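Work through the exercises below with the coordinates open. Each task is followed by a solution in steps.

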Number of protein chains: 2
Amino acid sequence: MDRFRVAAVVTLRRSIADVQGTTVEQALHALGFRAIENVRIGKYVEMEIRAASAEEAHRHAEQACQRLLANPVIEDYQILAVTPAVAKEVP
Amino acid sequence: MDRFRVAAVVTLRRSIADVQGTTVEQALHALGFRAIENVRIGKYVEMEIRAASAEEAHRHAEQACQRLLANPVIEDYQILAVTPAVAKEVP
């Protein structure tokens, strides 16, 4: 069993109004960042997964997104990266 | 001026306890995902930035993280990607 570090992102579907994103965009404009538009806010989830391969870790992460992390009615998810995790115990 | 799509991630510093991540991890374990550990939750911010170059867009995004999106005392930020945005008006 190896350890993999997996990063996933859960975002509101494009058709769903992103109130938090709109608020952040207005705050950015108020601070002078007028070139920034269409801000959308999502959740970023980083986890370590014990698996036999990167593919298996990816599959576990997808299942976790489907069953808990994302609400499929209003959210999409995306697995951004699966990389080998460096064991912390190594001397 | 071109448009760039920029993705940024804001996460709690490693030294700060991530209560939300711990709660999600416990929920995953209760659902049977016992191979998943060290869950940490952050914010994912996607935005479009008008800029002369990808480098300028990157710089704008960094400044936005420093001035608004991240709390430098407890959070780190990372610009994940800067990609050309496809104009929606193109026929």
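Contact means heavy atoms within 4.5 Å. The model is predicted.

**Exercise 1. Symmetry of the copies**

Task: Find what turn and what shift along the axis lay chain A on chain B, and name the relation.

Solution.
- Step 1. Superposing chain A on chain B takes a turn of 180° and a shift of 0.0 Å along the axis, and the RMSD is 0.0 Å.
- Step 2. This is how a two-fold axis relates its copies.
- Step 3. Of the interface residues of chain A, 100% are also interface residues in chain B, so the copies meet through the same surface.

**Exercise 2. The sheet**

Task: Give the order of the six strands in the open sheet and identify the edge strands.

Solution.
- Step 1. Begin with S1(A), residues 2-12, and S2(A), residues 36-51: they run antiparallel and are joined by ten bridges. In this pairing A:Thr11 lies opposite A:Gly42 of S2(A).
- Step 2. S1(A) also pairs with S3(A), residues 75-84, through nine bridges, again in the antiparallel sense. Two partners in S3(A) can be located: A:Pro84 is the bridge partner of A:Phe4, and A:Glu75 is that of A:Leu12.
- Step 3. Across both chains the order is S3(A)-S1(A)-S2(A)-S2(B)-S1(B)-S3(B), an open sheet with antiparallel pairing.
- Step 4. S3 of chain A and S3 of chain B are the edge strands, since each pairs on one side only.
- Step 5. From one strand to the next, the twist averages 25°.

**Exercise 3. Helix packing between chains**

Task: Classify the packing of H1(A) against H2(B) as parallel or perpendicular, and list residues that meet there.

Solution.
- Step 1. Two packed helices are described by the angle between their axes and the distance between the axes.
- Step 2. For H1 (residues 19-30) of chain A and H2 (residues 54-69) of chain B, the angle is about 100° and the axes are 11 Å apart.
- Step 3. Angles of 65 to 115 degrees count as roughly perpendicular, and H1(A) and H2(B) are therefore placed in that class.
- Step 4. On the H1(A) side the residues are A:Val24, A:Ala27 and A:Leu28; they meet B:Ala64, B:Leu68 and B:Leu69 of H2(B).
- Step 5. By class, this contact of H1(A) with H2(B) has six nonpolar residues, no polar and no charged ones.

Task: Repeat the analysis for H2(A) and H1(B).

Solution.
- Step 1. The axes of H2 (residues 54-69) of chain A and H1 (residues 19-30) of chain B cross at roughly 100° and come within 11 Å.
- Step 2. H2(A) is thus roughly perpendicular to H1(B).
- Step 3. A:Ala64, A:Leu68 and A:Leu69 of H2(A) make the contact with B:Val24, B:Ala27 and B:Leu28 of H1(B).
- Step 4. The class count for H2(A) with H1(B) is six nonpolar, no polar and no charged residues.

**Exercise 4. A backbone angle**

Task: Determine the sign of phi at A:Asn38, and decide whether A:Asn38 is buried, partly exposed or exposed.

Solution.
- Step 1. Although A:Asn38 is not a glycine, its phi is positive, about 50°.
- Step 2. A:Asn38 belongs to strand S2 of chain A.
- Step 3. Buried means under 20% relative accessible area and exposed over 50%. A:Asn38 has 35% relative accessibility and so counts as partly exposed.
- Step 4. Check chain B: B:Asn38, in strand S2 of chain B, has a positive phi of about 50° and is not a glycine. At 36% relative accessibility, B:Asn38 counts as partly exposed.

Key
Residues numbered from 1 in each chain as written. Chains lettered and ligands numbered in written order. Predicted model: local features only at pLDDT ≥ 70, side-chain atom pairs only at ≥ 80, totals over all residues. Heavy atoms only, no water. Least-squares fit on C-alpha atoms with pLDDT ≥ 70 in both. Axes fitted to C-alpha atoms, helices over the stretch in contact; angles between N-to-C directions. Helix = DSSP H or I, 4+ residues; strand = E, 2+ residues; numbered from the N terminus. Parallel < 35°, antiparallel > 145°, perpendicular 65-115°, else oblique. Nonpolar A, V, L, I, M, F, W, Y, C, P; charged D, E, K, R; others polar. Pairing = 2+ DSSP bridges. Buried < 20%, exposed > 50% of the residue type's maximum accessible area, 1.4 Å probe, protein only.
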